[in-house]
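Let's take a walk through this model together, starting with one helix and moving outward.

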Amino acid sequence: MKNNHIKELCKGIWKENPIFVIMLGMCPTLAVSTQVSNAIGMGLGVVFVLTLSNIFISLLKKVIPDSIRIPSYIVIIASFVTILEMLMHAYLPSLYDALGIYLSLIVVNCVILGRAEAFANKNSVFDSALDGIGMGLGFTLGLTIIAAIREILGSGTITLFAIGGWNGVIKVPLLSSNPVRVVGMSAGALLVMGLLKAFFTWRSEKKGDKR
């Protein structure tokens, strides 16, 4: 893989992170980041939809008329979201129920629609696939970090996917009996998001000064 392809894949993880840098997809970010398992599930769902919709939009970019460009993107994205919902409902029903309406709202997630318009519509299929994977992983990483901080401090637990007889819940010593409950509430979501955004901005500016 060439260096520019690696950069294309990695840019969404840090330099152009959808949550902490571009500030897109805030609704599901703040609503779903109550448990780590929900964050990972939503993030991987976005990776699936974003990557496949980027590929299809790049393939059809010369066929779709400019006058119906955005509606066409929404139809393509909605098709993959429907497939995702059906698969999750069949094989991961507990996660499907936990994500609720926010799973359907992936259709209007600004990250996916934004990348379709800003990147997939102008670049090759391979680059668009890399962009989808990278941006999706960056979204998943950001969502999981927020969820981990909120769940650990707000509930004193880390909720992962249940395997066999294990319920998937890890209790954090001290915090499990004395959690900082405000962090798990809506105000806590905004607080954690703001602090992480400030950290990403500080790190970006620091790296810029070094260059």
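## Helix H4

In H4, the buried residues (under 20% relative accessible area with a 1.4 Å probe, protein chains only) are Ser72, Tyr73, Ile76, Ile77, Phe80, Val81, Leu84, Glu85 and Met88. Among the elements covering them are H3, helix H5 (93–99), helix H6 (101–104) and helix H7 (110–120). Helices here are DSSP runs of H or I with at least four residues, numbered from the N terminus.

H4 itself covers residues 69–91, 23 residues in total, and its first and last C-alpha atoms are 33 Å apart. That is close to the expected 33 Å at 1.5 Å a residue, a span defined as 1.5 Å times one less than the number of residues.

## About the model

This is a predicted model, where local features need pLDDT of at least 70 and side-chain atom pairs count only at pLDDT 80 or more, while totals for chains, interfaces and linings use all residues. Residues are numbered from 1 along each chain as its sequence is written, and side-chain values use heavy atoms, leaving out hydrogens and water.

## The nonpolar core

The largest nonpolar core (buried Ala, Val, Leu, Ile, Met, Phe, Trp, Tyr and Cys joined through side-chain atoms within 4.5 Å) has 36 residues. Met42, Val49 and Ile106 have the most contacts inside it. Two or more residues come from each of H3, H4, H5, H7, helix H8 (125–155) and helix H9 (186–210), and H4 gives the most, with 7 residues.

Setting aside neighbours within four places in sequence, Ile106 is in contact (heavy atoms within 4.5 Å) with Met42, Gly45, Val46, Val49, Ile77, Val81, Leu84 and Ile112.

Methods. Buried < 20%, exposed > 50% of the residue type's maximum accessible area, 1.4 Å probe, protein only.
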